[in-house]
Amino acid sequence: MTMPTEIHKLRTDPALPPVGVEEPPNWSGPNKAIFAGIAGVGAIAWFMVAIVRGEHPNAVWFVLAAVCTYVTAFRFYARLIEYKVLKPRDTRATPAEEFDNGKDFMPTDRRVLFGHHFAAIAGAGPLVGPVLAAQMGYLPGTMWIIVGVCVAGGVQDYMVLHLSIRRRGRSLGQMARDELGPVGGIAALLGVLSIMTILIAVLGIVVINALAESPWGVFSLAMTIPIALFMGVYLRFIRPGNVTEVSLIGVGLLLLAIIAGGWVSESSWAGTFTLSKLTLAWLLCAYGFAASVLPVWLLLAPRDYLSTFMKVGTIVMLALGILIARPEVQMPALTRFGVDGTGPAFAGTLFPFLFITIACGALSGFHALIASGTTPKLIEKESQARLIGYGGMLTESFVAIMALITAVILDQHLYFGMNAPAGLTGGGAAVPTPESAAAYVNGLGLTSPGGVPLPPADPSLFSQAAAGVGERSIISRTGGAPTLAFGMSEVMHKVVGGESLRAFWYHFAIMFEALFILTTIDAGTRVARFMFSDAISNIPGLSKFKDPSWRVGAWLCSFIVVAGWGSILVMGVTDPLGGINTLFPLFGIANQLLAAIALTVVFTVVMKQGLYKWAWIPGVPLVWDLIVTLTASWQKIFSPVPAIGYFANHDLFVAARDSGKVLAPAKTQGDMEAVIRNTMTQGVLSVLFASLVIIVVLAAAVVVIRSVRSGGTPTSEEPDVPSKIFAPRSFVPTAAEKEVLQEWSDAGLTPTRIGAHH
Amino acid sequence: MERRGSDANAHRSAPLASATPIGPLRRVLAAVRWYVRALMGDDAYDIYLVRHAREHPGQEPLSLKEFWRRRIDERDRNPTMRCC
């Protein structure tokens, strides 16, 4: 489909109404005026955020800059990709139509599928990364989230979705094997499995950091398990099929659990629910294993319903909250940590580490696993991929912008006191106090957005902030989740409830994040178990593992998968250096390297098709992503600075141990051994991830060069099957699409039949 | 292609497209209800019934309870990924 100049109604069967509409872009007068207006407002908002800055820029400018840029990119850049590269054909049946079985393949209303796709791609990632990256100031994070999604993240999601639609909904790993050959395929599969392992482990650390020593949080989250079990039983035996009803009951019980958490934290039970990080890590492993082997109806499915409900509801609520409360930004546009690389939340300079830390929201390789394999089996028409793929990613980016806002509106002393590890805020003591934390943050030389040095913080700032949200301490609550929750309570209590509900909102936000993370952990463990048993079933003699209902195999594979992420989790929560600082970069690198694999597959296909003129569209994000991730990997592996290089730190601690010394923040010989072990593991993982991606890229380079020499080679695209259904491309049907819908109606037919048979 | 007229089809199209004149508030509420039910999957059994009637006319469809039992158990074999 090149740019059409007039309206064409496309037919595949003379007996049927049209199955698609091609129409030129709407360039009517009012339409031009609307887009000019949007572009103008966006330009003003960017001007306010990036150039004027001011003493305290208002958060509403961020929202406006983001939304206006998204709308413009969706209208023009995504449309360019559609016309010049992907060229969707609505005369072609999608896998959903062709293989419709009423189960995993089924044409699904575009608006409903948009919701499903969004719920599947957005989790805790876009909430955590921007909060940590806020230590470098508000501007670099804002720019990367908004520009990154338009030219990188949205492009990846959209193009992978389109490729998978054209390949019967095959997964990224299968497409890599088909397009890049067996070596690239195996490297891609190993990459996906190891990256999932690190992802689950790091999300686990985030949730544990939010819950450790917090009886309120632990009680509320623990209650989600009986709530889910109740929902599961209700849905199976009492009122099957009433999903919305049971989810509403579940949300009600959840709110009750959050309120009850406050009572528990003040009662004699508080001790029972005050758990150490290590205990929580073991409990999380047990939970992941149980969720992987228990029947889905009992635990996984009801939790997923609850999580979807909370996700959509809370994000809409937060957006409204920000617009109503219109908070002011406290963080400067740029802090010195981006330049000198000594930030407390994570070490390293702005380039490359900002782009690693903010993965989800700007460019997330994990989305390629949803955009291939799941969503293509449900999409009605090829032309809807722009709305679902690109539009879905824009929505996630918006979530990331809101997370960034909640971090940069906080008092800077609080932000840095929460996000610096205890080794720094404690000032040498084992447990940091408000006094030691105040001394630490006052020593940072913080300035206001206008450049005026901030007056020193009083220790009571920390104790009052903790009391305000019903926690004993908020110092060194690293991992991003507590900061986000604190920022969210700051916004929401101004809109609903005032001071009296501040603690409720904090724990509501913690619960909301923890719920997402547990959903990712349980679903991820189960998916990884299936991938692992599928992979080893190809080894001769182990074919029995192919059958997922074989209990022994299920238990064994679940155990191996949980042992994989569990060991990194335990390592992270006991790490004397603070697990988030050392492991979050690895998580970001892993996620971005997966994006590199996905973009490599897309780039290879575009080159094979001979679209050299437009290869820059996936090429630019691919090259940028490779530069960022490989630079970051290089620094993590070879940097001589111990705070950055895993092996440099390893050598430092080995030398100290051998001369009988104990280096801070380690306090005992055992801590020294832990640091030595952990840095080695993290270094080896960095080498592994980078090597796998280099193999994939080299395999692709060989394929591309061969293809260019022979003037283009066939791709693994499946032959056309004529479509016999019709659905509009975007949320609102155009005039021509309404005409076609009317034609179907006049013919007495439904345009999207419900699961036809072939 | 099945002919229009079966009541079970009504839920497939958004109520905003409905031809009957109803108040704007009612229409918005109906649209929200349609969206939430479709998103959460409450309408799965209705869709199944229509499909079953077309593909296996004359055969007894699964009961509501049995349908949902099989639908959720299907996810035991086909786990869906949730992203970060």
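In which helix of chain A does A:Phe230 lie? The residue is located in helix H8 of that chain. The structure is a predicted model, and the description below therefore rests on computed values.

Confidence in chain A averages a pLDDT of 93, with 99% of the residues at 70 or more. Within this chain, the lowest confidence belongs to helix H17 (residues 422-425), with a mean of 88. The highest is found in helix H6 (residues 138-165), at 98.

A:Phe230 contributes to a nonpolar surface patch of about 310 Å², together with A:Ile249, A:Leu253 and A:Leu256. Helix H9 of chain A supplies the largest share of this patch, namely three residues, whereas A:Phe230 belongs to helix H8. The relative accessibility of A:Phe230 is 34%, and the residue is therefore classed as partly exposed, given that this class spans the range between the 20% limit for buried and the 50% limit for exposed residues.

Aromatic contacts were examined next. Over all chains, 32 aromatic pairs are counted. One of them joins A:Phe35 and A:Phe76, whose ring centres are 5.8 Å apart; because their planes meet at 80°, the arrangement is edge-to-face, the threshold for this class being over 60 degrees. The two residues come from distant parts of the chain, with A:Phe35 in helix H1 (residues 29-52) and A:Phe76 in helix H2 (residues 59-86) of chain A, at a sequence separation of 41 residues. A:Phe35 has a relative accessibility of 16% and so counts as buried, while A:Phe76, with a relative accessible area of 35%, is partly exposed.

A further pair is formed by A:Phe219 and A:Phe273, with ring centres 5.2 Å apart and planes at 90°, so that this contact is also edge-to-face. Here, too, distant parts of the chain are linked: A:Phe219 lies in helix H8 (residues 215-238) of chain A, and A:Phe273 in the loop between helix H9 (243-266) and helix H10 (277-293), 54 residues apart. Both partners are buried, since A:Phe219 has a relative accessibility of 9% and A:Phe273 one of 18%, values under the 20% limit. Helix H8 thus carries both A:Phe219 and the patch residue A:Phe230.

Aromatic residues also assemble into a cluster, which comprises A:Trp144, A:Phe351, A:Phe355 and A:Trp624.

Charged side chains are placed over aromatic rings at two further sites. The charged end of A:Arg75 sits over the ring of A:Phe76, at 4.9 Å from its centre; A:Phe76 is the partly exposed residue that pairs with A:Phe35. In addition, A:Lys311 lies over the face of A:Phe516, 4.7 Å from the ring centre.

Another phenylalanine, A:Phe512, is placed in helix H21 (residues 502-536) of chain A. Its relative accessibility of 2% is the reason why A:Phe512 counts as buried. The C-alpha atoms of A:Phe512 and A:Ala124 are separated by 9.1 Å, although the two residues are 388 positions apart along the chain.

Chain B contains three helices and zero strands, and its elements follow the pattern α-α-α along the sequence. Of the 84 residues in chain B, 36% count as buried.

How values were computed: Residues numbered from 1 in each chain as written. Chains lettered and ligands numbered in written order. Heavy atoms only, no water. Phe/Tyr/Trp six-rings, centres within 6.5 Å; stacked < 30°, edge-to-face > 60°. Helix = DSSP H or I, 4+ residues; strand = E, 2+ residues; numbered from the N terminus. Buried < 20%, exposed > 50% of the residue type's maximum accessible area, 1.4 Å probe, protein only. Lys NZ or Arg CZ within 6 Å of the ring centre and 35° of its normal. Patch = residues over 30% accessible without salt bridge, like charges linked within 9 Å, V, L, I, M, F, W, Y side chains within 5 Å. Areas by Shrake-Rupley, 256 points an atom, 1.4 Å probe, with all protein chains shown as cover. Salt bridge = Lys/Arg side-chain N within 4 Å of Asp/Glu carboxyl O. pLDDT = per-residue confidence, 0-100.
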